[in-house]
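Visitor: Could you take me closely through one part of this model, the part that surrounds the second largest pocket and leads up to it? I would like one connected account rather than a list.

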Amino acid sequence: MGQNFPNGLGTFYIGIYKLVEDPSSDPIISWSKSNNGFVMCNEEARIRSKILLRFNCGKLSEFLSELKYYGFTRVKKTDSGKMEFRNEDFVRGQPERLRDMMLKACRKHRAKFKAKEAAKEAAKELQRLQI
């Protein structure tokens, strides 16, 4: 099935969307019932070749960190014992929404960086005033 991905979209977003969309991946990773996320088996050995190697991750924990970085949130509990991840802009049949997902993640990281920089500057100023 051909997808129309927005121009300038990061490769992680395209890669994870294509993987979830691929019916041959369903035993390991597939769309969630809500269609705004995916479920993934919880066995590192089963997902190593299909997911970890594709995203250059040596361990499952690295891949889980990548998911968080790119804007996915982990659902606390699933009925099947699988891991579930969601994002309001990761929607089955709507790859054009991935751009919004990417932009929101970038804004979040930029805001976090600016807050850290502001805290460093404030600490420097306090230190200067104490001298």
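Guide: A residue is called buried when its relative accessible area is under 20% and exposed when that area is over 50%, with partly exposed covering what lies in between. This is a predicted model, and every value below is computed from its atoms. By that scale Asn35, at 27% relative accessibility, counts as partly exposed. Asn35 is found in the loop between β1 and β2, where it has a positive phi of about 60° although it is not a glycine. Most residues other than glycine have a negative phi. A second case is Asn56, with a phi near 55°, again a positive value in a residue other than glycine. Asn56 sits in the loop between α2 and α3, and at 71% relative accessibility it counts as exposed.

The helices on either side of that second loop deserve a careful look, beginning with α2. In this helix, which runs over residues 44-52, Ile47, Ile51 and Leu52 are buried. These residues are on the same side of α2, because they cover an arc of only 75° around the axis. On the face turned away from that buried side, α2 carries the exposed residues Ala45 and Ser49. The cover over the buried residues of α2 includes α1 (11-21), β1 (29-31), β2 (37-40) and α3, so the strands flanking the loop of Asn35 are part of that cover.

Helix α3 can be read in a similar way. The buried residues of α3 are Leu60, Phe63 and Leu67. Seen down the axis of α3, they fall within an arc of 60°, so they line one face of the helix. The packing partners of these buried residues are α1, β2, α2 and β4. Tyr69, which also lies in α3, counts as partly exposed, with a relative accessibility of 44%. From Tyr69 to Gly93 there are 24 residues in sequence and 23 Å in space, C-alpha to C-alpha. Just after α3, Gly71 takes a positive phi of about 105°, and with Gly71 we come to the pocket.

The second largest pocket has a volume of about 160 Å³ and a lining of 13 residues, of which Gly71, Phe72, Asn87, Ala105 and Lys108 lie nearest its centre. By class, its lining holds four nonpolar, four polar and five charged residues. Among the helices, α3 (60-69) and α4 (98-130) each supply at least two lining residues, and it is α4 that gives the most, with five.

Helix α4 is also where several of the charged contacts can be followed. The structure holds six salt bridges, and Lys104 takes part in two of those described here. One joins Lys104 to Glu88, with the closest N and O atoms 2.7 Å apart. Lys104 lies in helix α4 and Glu88 in the loop between β4 (83-86) and α4, so this pair ties together parts that are 16 residues apart in sequence. In the other, the side chains of Lys104 and Asp89 meet at 2.8 Å, N to O. Asp89 lies in the loop between β4 and α4, while Lys104 is in α4 itself, so here the parts tied together are 15 residues apart in sequence. The partners are not equally accessible: Lys104 is partly exposed, with a relative accessible area of 37%, whereas Asp89 is buried, at 4%.

A further salt bridge stays within α4, where the side chains of Lys124 and Glu121 meet at 3.9 Å, N to O. These two residues both lie in the helix, three residues apart, about one turn of it. Lys124 is exposed, with a relative accessible area of 53%, and Glu121, at 46%, counts as partly exposed. Beyond such single pairs, salt bridges that share partners join Glu88, Asp89, Arg97 and Lys104 into one network.

Technical notes. Residues numbered from 1 in each chain as written. Predicted model: local features only at pLDDT ≥ 70, side-chain atom pairs only at ≥ 80, totals over all residues. Heavy atoms only, no water. 1 Å grid on protein atoms, 1.4 Å probe; cavity = no way out; pocket = protein on both sides within 12 Å on 5 of 7 lines; lining within 4 Å. Points joined across faces, edges and corners; volume = space filled by probe spheres on them. Helix = DSSP H or I, 4+ residues; strand = E, 2+ residues; numbered from the N terminus. Nonpolar A, V, L, I, M, F, W, Y, C, P; charged D, E, K, R; others polar. Buried < 20%, exposed > 50% of the residue type's maximum accessible area, 1.4 Å probe, protein only. Arc of directions from axis to C-beta. Contact = heavy atoms within 4.5 Å. Salt bridge = Lys/Arg side-chain N within 4 Å of Asp/Glu carboxyl O.
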